Amino acid sequence: MTDPTQDLLPEGLEDRLPQSAAAATRIERAMLGVMGAHGYDRVRPPLVEFEQSMARRMNGVMTRHMIRFVDPASLRTLALRSDMTVQVGRIAATGLADAPRPLRLCYAGQVARITGSKLEPRRENLQIGAELIGRDTVAAAGEILELAIAALEAAGAKGISVDFTLPDLVETLADGPLPLDAQARERVRRELDTKDAGGLVEAGGAAYLPLIHATGPFPEAAEKLAALDSTGVLDTRIDGLRQIAERVKGRARLTLDPSERHGFEYQSWFGFTLYAEGVRGELGRGGTYCIGGSDEPATGFSLYPEELVEAVKADEPLGDKLFLPLGHDRDAAAALRGKGWRTVAALDEGDDARSLGCSHRLEGSEATAL
């Protein structure tokens, strides 16, 4: 008796059937096409690296997600990549160390996690992104955000939303107008993460309460954030946010959650999260940071379009198929493929055009509708 479980896939992994695979392929090509058109050159790091090297550049962030195993050749521990950003940083710091800055790179590939979460059980993802290496200025952040929005638009995303954050906000305020010791900072960050006003007061962060309310549509939230800072320590950051917002005005709905930290563990002064209508959860995030293992500044984003694929796959066209009967004109078939036709050649007399999903049949040198 056949074991009904022998073909089950591990939890969090799935096959992509033709319609879904076609959508994923189109989206990847569209996004990379936009990045290439804006001067970003593609790099392709390996799927597997030495665990120690990858972990060192992660600065301790997300290393728990890596799938590890022993290399039979070197007997050293290898790891499947869980994030391609650190690999691009390694390439920039080694093979492209002498390349002129700013360096514009893009990438696409699969990443894997050892386990999923309750909110995101998927353990394999397509990651597509771009990195502007050598700059973390307002101009760089504006270019990167524009590029991320353009990539989502090219992929077919509608109703794009961008949520801004300032990852180092608590540190900046705690070092200046709203001083906190190291222990209190961590408590305040934790309560801000949960937006717990009562807990924030108990943690000694009563002065930080306005941050909970400085959220929402960008113009109003930015005004509330500016009102919180009486010393002007946030002036350059708020001005930078406004400049970036102006560059993408009208192309996306803009909001601000200045104390949001989830997913921004290694970003510096600026971060953003991307969403789209009809797509579950976030589509990606980005911001400014320093390349792991070095002090070189960079600005970039990573998109995870799996949920976008799920949202659009039902309407993804596979293209008409042209049935080629036995003894067909091979030159005519080649010419039609050059025009974009997809051909399906008969292998024997029993092959039927309709059952093979064909909409046309080659008659002589012409495609005839069935």
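Charge is a good place to start: the protein chain carries 43 positive and 56 negative side chains, and the centres of these two sets lie 2 Å apart. Keep in mind as you read on that this is a predicted model.

Now for the overall frame. The C-alpha trace of the protein chain spans about 85 × 55 × 50 Å along its principal axes, and the chain contains twelve helices and 16 strands. Of its 370 residues, 45% are buried. Among contacts with a separation of 6 or more, 66% involve residues 24 or more positions apart. On the outside, the protein chain exposes about 18,600 Å², with carbon and sulfur atoms supplying 52% of that area.

Let's zoom in on helix α9, which covers residues 218-228. Phe218, Ala221, Ala222, Leu225 and Leu228 are its buried residues. Looking down the axis of α9, you will find that these buried residues fall within an arc of 115 degrees, so they line one face of the helix. Turn to the face of α9 that points away from this buried side, and you meet the exposed residues Pro219 and Ala227.

What do the buried residues of α9 pack against? Their partners include helices: α5 (169-174), α8 (209-213) and α10 (235-247). Strands take part too, namely β7 (161-165), β8 (216-217) and β9 (253-256).

Phe218 of α9 also leads us to the aromatic side chains, as it belongs to one aromatic cluster together with Phe164, Trp269, Phe270 and Phe272.

Aromatic pairs in this model come to a count of five. One of them joins Tyr266 and Tyr289 in an edge-to-face arrangement, 5.6 Å centre to centre and with 90 degrees between the planes. Tyr266 sits in the loop between β9 and β10 (267-275), whereas Tyr289 is in strand β11 (residues 284-290), so the pair ties together parts that are 23 residues apart in sequence.

Are the two tyrosines buried or exposed? Tyr266 has a relative accessible area of 29%, so this residue is partly exposed. Tyr289 counts as buried because its relative accessibility is 6%, and the cut-off for buried is under 20%.

Another aromatic pair is made by Phe270 and Phe272. Their rings are tilted, with 40 degrees between the planes and 5.7 Å centre to centre. Both phenylalanines, Phe270 and Phe272, are buried, and both appear in the aromatic cluster that includes Phe218. That brings us back to α9, where Phe218 is one of the buried residues.

How values were computed
Residues numbered from 1 in each chain as written. Predicted model: local features only at pLDDT ≥ 70, side-chain atom pairs only at ≥ 80, totals over all residues. Heavy atoms only, no water. Buried < 20%, exposed > 50% of the residue type's maximum accessible area, 1.4 Å probe, protein only. Helix = DSSP H or I, 4+ residues; strand = E, 2+ residues; numbered from the N terminus. Arc of directions from axis to C-beta. Contact = heavy atoms within 4.5 Å. Areas by Shrake-Rupley, 256 points an atom, 1.4 Å probe, with all protein chains shown as cover. Lys, Arg positive; Asp, Glu negative; His and termini not counted. Charge placed at Lys NZ, Arg CZ, Asp CG, Glu CD. Phe/Tyr/Trp six-rings, centres within 6.5 Å; stacked < 30°, edge-to-face > 60°.
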